[in-house]
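Let's take a walk through this structure together, stopping at a few places worth a closer look. Please have the sequence and the 3D view open as you read.

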Amino acid sequence: MDVHLVAVQARVEPQAYRSAAAFRERTLELAHRAVAGLPPREGRVVAFPEAYALPLVFWLDTPDAVAAAPTALAAGLRLLGRGLLEDPRALLRRPAPDLLYLKRMPAVWPVYREVFGEAARATGSYLVAGSLFGPLVDHEPARGLHLQGPAAYNWLALFSPEGRVLARIPKLRLTPDERKAFLSRGGFGPHVVHTRLGRLGVLICLDAFHEALVERVDAAGAWLLVQPSANAAAWNGPWSADPARIEGEVWLQEGLAKQLRGRENLRYGLNPMLNGDLYDLHFEGRSNVAAAGRHLAIADDPTGDAVVRATVERPAGAG
């Protein structure tokens, strides 16, 4: 069985997050571009980048002053505004980022779920949605939409071609910026999902550089590892861990192509990357589709929108 693997490289476009309609238009445009020209009724996996949906937390139906803030923290304080004036001691009980995530998720999640669900249906794909920051959410008839505790995560949803959520997947290893944003580490579990295309694995960005986590995904029987990423560094600049090395070269040398070598089940990797600006953060990255020791396809540039895809044969016996 042929399976089409598609990485959506996306630039942060501020106007695309100001309303549900704008986010839908932008996301569906990228999704349709991702599968344009592919044969109908053949399996496909489409993946959006890490943090692609994060700007919704700040910009969805919010005042212009929030978008104009110099930093994410300043934006969060402007968003919390009136609530802090009414209860200034709230910051003593919970940091500003936590308060922001708790307040915003009930507005953001329904838009996220509906838009990415529609994109999955429209493209007939298993769709790895872009991640956002916030508490995990649930729905139950008597309670309606509700938060699953106060902890906030960097997490995303995996959708079926019918537009249903198959898994809500949190990041397991956090960057210094994420720890400063008061995010919590998730627990391993929903990161391998059994689908009609076989077992699909998802590790968000830094997680897929940790051998122990890749080992767990491999041992769970996944043949594909999806790594949505947002790299907050210049692609052609010095690597933060060793200025003698180049950031982008490290990504390509140490990333999925290397991690897939010699695995029991894992055969292919999909790495969509975000680029552009979100307040004081700047992202760059060349998206790619990888096999063990090589790249099957890679974006030409580390900035701008791009669709990077390859057609592979699903391994025999993939569960």
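**A guided walk through the model**

L172 has a relative accessible area of 2% and is therefore buried, since burial is set at under 20%. Keep in mind as you look around that this is a predicted model. To find L172, go to the loop between strand 8 and helix 7. Leaving aside residues up to four places away in sequence, L172 touches R185, G186, G187, F188, H191, L203, D207 and L213. For a sense of distance, try L281 as a second landmark: L172 and L281 are 109 residues apart in sequence, and their C-alpha atoms are 21 Å apart in space.

From here, let's turn to the pockets. The largest pocket holds about 1100 Å³ of space. Its lining counts 42 residues, and those closest to its centre are T175, P176, D177, E178 and A232. Which elements each supply at least two residues of that lining? They are helix 4 (72-86), helix 6 (96-123), helix 7 (176-180), helix 9 (247-254) and strand 17 (281-283). Among the contributors to this lining, helix 4 gives the most, with five residues. In character, the lining of the largest pocket divides into 28 nonpolar, six polar and eight charged residues.

Next comes the second largest pocket, with about 230 Å³ of space. Here 13 residues form the lining, and R113, G163, R164, V165 and R168 lie nearest the centre. Helix 6 appears again, since at least two lining residues of this pocket come from each of helix 6, strand 5 (137-140) and strand 8 (165-170). In this second largest pocket helix 6 gives the most, with five residues. Sorted by class, the lining of the second largest pocket has four nonpolar, three polar and six charged residues.

Now for enclosed space. How many cavities of 30 Å³ or more does a search of the whole structure find? The search finds one, and the largest cavity has a volume of about 40 Å³. Around the largest cavity you will find Q227, W251, L252, G255, L256, A257, N271, N288 and H295. Helix 9, which also supplies at least two residues to the lining of the largest pocket, does so for the largest cavity as well, along with helix 10 (256-259). The lining of the largest cavity has four nonpolar and five polar residues, and no charged ones.

Two of those cavity residues, N288 and H295, lead us on to the sheet. Six strands make up this open sheet, in the order 9-10-11-15-18-19, with mixed pairing. Why is one side of strand 9 (192-195) and of strand 19 (294-298) left without a neighbour in the sheet? Both strands stand at the edges and each has a single partner strand, so one side of each has no neighbour there. From one strand to the next, the twist averages 20°.

As a reminder, strands of a sheet pair through backbone hydrogen bonds, either parallel or antiparallel. Strand 18 (residues 288-291) and strand 19 run antiparallel, and four bridges join them. Within this pair, A290 stands opposite H295 in strand 19. H295 makes a good place to end the walk, as a residue that also lines the largest cavity.

Definitions and conventions
Residues are numbered from 1 along each chain as its sequence is written. This is a predicted model: local features need pLDDT of at least 70, side-chain atom pairs count only at pLDDT 80 or more; totals for chains, interfaces and linings use all residues. Side-chain values use heavy atoms; hydrogens and water are left out. On a 1 Å grid over the protein atoms alone, a cavity is a set of points where a 1.4 Å probe fits but cannot get out, and a pocket is an open set with protein on both sides within 12 Å along at least five of seven lines; lining residues have an atom within 4 Å of a point. Grid points are joined across faces, edges and corners, and a volume is the space filled by probe spheres set on the points. Ala, Val, Leu, Ile, Met, Phe, Trp, Tyr, Cys and Pro count as nonpolar, Asp, Glu, Lys and Arg as charged, and the others, Gly among them, as polar. Two strands pair if DSSP finds at least two bridges between them. Axes are lines fitted to C-alpha atoms, for helices over the stretch in contact, and angles run from 0 to 180 degrees between N-to-C directions. Buried means under 20% relative accessible area, exposed over 50%, partly exposed in between (1.4 Å probe, protein chains only). Contact means heavy atoms within 4.5 Å.
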